[in-house]
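Welcome! Let's look at this structure together and ask how each label is earned.

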Amino acid sequence: MKGPLQARPAWLGAALADGVMLLRRIDSFADTHPAFRRSRARVSEVRRRFGGIMVDMFYDHFLAVHWQRFSAEPLVAFTTETYRLINAHDAPLPASTCSPTLVAPAKVPTPSPWPASETPATAGGIGVGQGIALVLERT
């Protein structure tokens with residue numbers, strides 16, 4: 001969600017505003033962390049403009065692969081509940097607050113859970129590494 005949150009917009013509930021602010025603080029911490037900066041510096045000149053996004057995607061991938069090290073709750077259960085909470089709101093976020101490439105200003109379709117034989121790294125028959133490669137090729 002983009003845009004200022006000072007003088008909270010009427011459509012944005014207090015709990016959601018708190019969550020957005022927490023996410024922004026986490027992103028700010030991550031973006032300025034020396035390890036993140038080193039990772040971003042490894043991105044080629046051709047893709048440097050998207051370096052921060054790329055590193056964030058890689059870190060998300062590593063988190064998904066190693067999820068069980070950080071949470072007792074299965075990733076599929078966490079993801080399902082997250083989508084349920086997002087979709088529990090009656091009205092979508094205004095389009096002006098959403099990044100068109102990252103968040104559609106509408107209800108978020110709940111993904112199908114991975115079959116028991118798959119992991120987040122191999123979901124849908126394509127490895128997440130391959131999925132990341134496809135996204136990077138589009139940039």
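Helices here are DSSP runs of H or I with at least four residues, and strands are runs of E with at least two, numbered from the N terminus. This is a predicted model, in which local features need pLDDT of at least 70 and side-chain atom pairs count only at pLDDT 80 or more, while totals for chains, interfaces and linings use all residues. Residues are numbered from 1 along each chain as its sequence is written, and side-chain values use heavy atoms, leaving out hydrogens and water.

Q: Where is L63 found, and why is L63 called partly exposed?
A: L63 sits in helix α3, which covers residues 51–65. Buried means under 20% relative accessible area, exposed means over 50%, and partly exposed is in between (1.4 Å probe, protein chains only). L63 has 35% relative accessibility, so L63 counts as partly exposed.

Q: Why does S39 count as buried?
A: S39 lies in helix α2. Its relative accessibility is 17%, and buried means under 20%, so S39 counts as buried. Leaving aside neighbours within four places in sequence, S39 is in contact (heavy atoms within 4.5 Å) with V55 and Y59.

Q: What makes the buried residues of α3 line one face of the helix?
A: The buried residues of α3 are G51, M54, V55 and H61. Seen down the axis of α3, they fall within an arc of 115°, so they line one face of the helix. The arc is that of the directions from the helix axis to the C-beta atoms.

Q: Why is the pair E45 and R48 called a salt bridge?
A: A salt bridge is a side-chain nitrogen of Lys or Arg within 4 Å of a carboxyl oxygen of Asp or Glu. The closest N and O atoms of E45 and R48 are 3.2 Å apart, so the pair fits that rule. E45 counts as exposed because its relative accessibility is 62%, whereas R48, at 35%, counts as partly exposed.

Q: How do you know that E81 and R84 form a salt bridge, and what separates them along helix α4?
A: Their closest N and O atoms are 2.8 Å apart, and the cut-off is 4 Å, so they form a salt bridge. E81 and R84 are three residues apart in helix α4 (residues 75–87), which means about one helical turn separates them. E81, at 32% relative accessibility, counts as partly exposed, and R84 is partly exposed with 47%.
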